[in-house]
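The following exercises concern salt bridges, a nonpolar core, surface charge and backbone geometry. Please examine the sequence and the model before reading each solution.

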Amino acid sequence: MPLTLPERALERLRTARHVVALTGGGMAATSSVPSFRQAHTGEWAQFDVSELATQQGFMRNPRRVWQWYDYRRKLADSAEPSLAHYALVDIEQHFPAFTLITQTIDGLHWRAGSRELIELNGCLRRARCFEAGHVLSSWDEEEETLPPNCPHCGSSLRPDVIMFGEGLPDWELKRARHAVEQCDVLLCVGEISAIEPVSSFPFLARRSGAQVISLADDDSIYSMLADYVIVEPLNQALPALVQAIVGGENTRQVA
Ligand SMILES: [Zn+2]
């Protein structure tokens, strides 16, 4: 697939020292991970979002909220990283500095091999305790006593995911902003939720002198803010971008 990016844009990208990629729901779709709305069906449709995905809902019925996220964790775990996920790993390995900022919670960037990763909305594969904030990547659970308790302090575990009405974590947000301000090129990859402060990242990057490239299946709001726009399915556009950066054939295949 020929890449619809002018040579001067490619040259700027090839010589970049710090590249930042921003991903969201569009990335999850490349692996067919159901979105919140797509998962909110069947037996779950009887519950309001406020009952399933808010801290108040968790306090009212922690077991139900835990099971909802457990259901979504299983959906994510049964998906495989896509060619687009792997292309971002290749990009990370190519540049001296790279930061991947994601709104996805499915853990697929990590499973693909991305390591310079800021998960702004948390991750389904982790839990943290309600009282002290201890973060766990594995835990024992028994059907009768859900949610499980924290092995360190005994308080109830909750998904390590930002629920509706909760702010983004300060530390991650600070790191993300810093990366966007420092980068030479910002890649806005696929559909990204247009919610502050993430929606202002393209402005922030441009103000700091970075080149902004939007890659999306359709016209996204970020297309209007970008210096260059690539409208192609991400599973084609990102591997093609890797090929254009490093040259030669990108032969990676999904196992
Ligand atoms: Zn704890």
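Four exercises follow, each with a worked solution.

The model is predicted, so local features require pLDDT of at least 70 and side-chain atom pairs count only at pLDDT 80 or more, while totals for chains, interfaces and linings use all residues. Residues are numbered from 1 along each chain as its sequence is written, and side-chain values use heavy atoms, with hydrogens and water left out.

**Exercise 1. The nonpolar core**

Task: Identify the residues that touch the most other members of the largest nonpolar core, and the element that gives the most to this core.

Solution.
Step 1. A nonpolar core is a set of buried Ala, Val, Leu, Ile, Met, Phe, Trp, Tyr and Cys residues joined through side-chain atoms within 4.5 Å. Buried means under 20% relative accessible area, exposed over 50%, and partly exposed in between (1.4 Å probe, protein chains only).
Step 2. The largest such core has 32 residues, of which Leu-5, Ile-91, Leu-187, Ile-213, Leu-215, Leu-238 and Leu-241 touch the most other members.
Step 3. Among the elements that give two or more residues to this core are helix H1 (7-14), strand E1 (18-23), helix H7 (83-94), strand E8 (211-216) and helix H11 (234-246). Helices (H or I, at least four residues) and strands (E, at least two) are DSSP runs, numbered from the N terminus.
Step 4. H11 gives the most, with 8 residues.
Step 5. In soluble globular proteins, nonpolar side chains tend to be buried together.

**Exercise 2. Salt bridges**

Task: Determine how many salt bridges a search of the whole structure finds, and examine the pairs of Asp-77 with Arg-125 and Arg-111 with Glu-80.

Solution.
Step 1. A salt bridge is a side-chain nitrogen of Lys or Arg within 4 Å of a carboxyl oxygen of Asp or Glu. The search finds 13 of them.
Step 2. Asp-77 and Arg-125 meet through their side chains at 2.7 Å, N to O. This pair links distant parts of the chain, with Asp-77 in helix H6 (residues 62-77) and Arg-125 in strand E4 (residues 122-129), 48 residues apart. Asp-77 is partly exposed at 34% relative accessibility, and Arg-125 is partly exposed at 33%.
Step 3. The closest N and O atoms of Arg-111 and Glu-80 are 3.6 Å apart. Because Arg-111 lies in helix H8 (residues 108-112) and Glu-80 in the loop between H6 and H7, this salt bridge ties together parts that are 31 residues apart in sequence.
Step 4. Glu-119, Arg-126, Arg-128 and Asp-160 are linked in a network of salt bridges.

**Exercise 3. Cis peptide bonds**

Task: State where Pro-147 and Pro-197 are found, and describe the peptide bond that precedes each.

Solution.
Step 1. A cis peptide bond joins Leu-146 and Pro-147, with omega about -5°. Pro-147 is found in the loop between E5 and E6.
Step 2. From Glu-196 to Pro-197 the peptide bond is also cis, with omega near 0°. Pro-197 is placed in the loop between E7 and helix H10 (201-207).

**Exercise 4. An unusual phi**

Task: Is Ser-32 buried or exposed, and what is its phi?

Solution.
Step 1. Phi of Ser-32 is near 55°, a positive value in a residue other than glycine.
Step 2. Ser-32 lies in the loop between helix H2 (25-30) and helix H3 (36-39).
Step 3. Ser-32 counts as exposed, at 61% relative accessibility.
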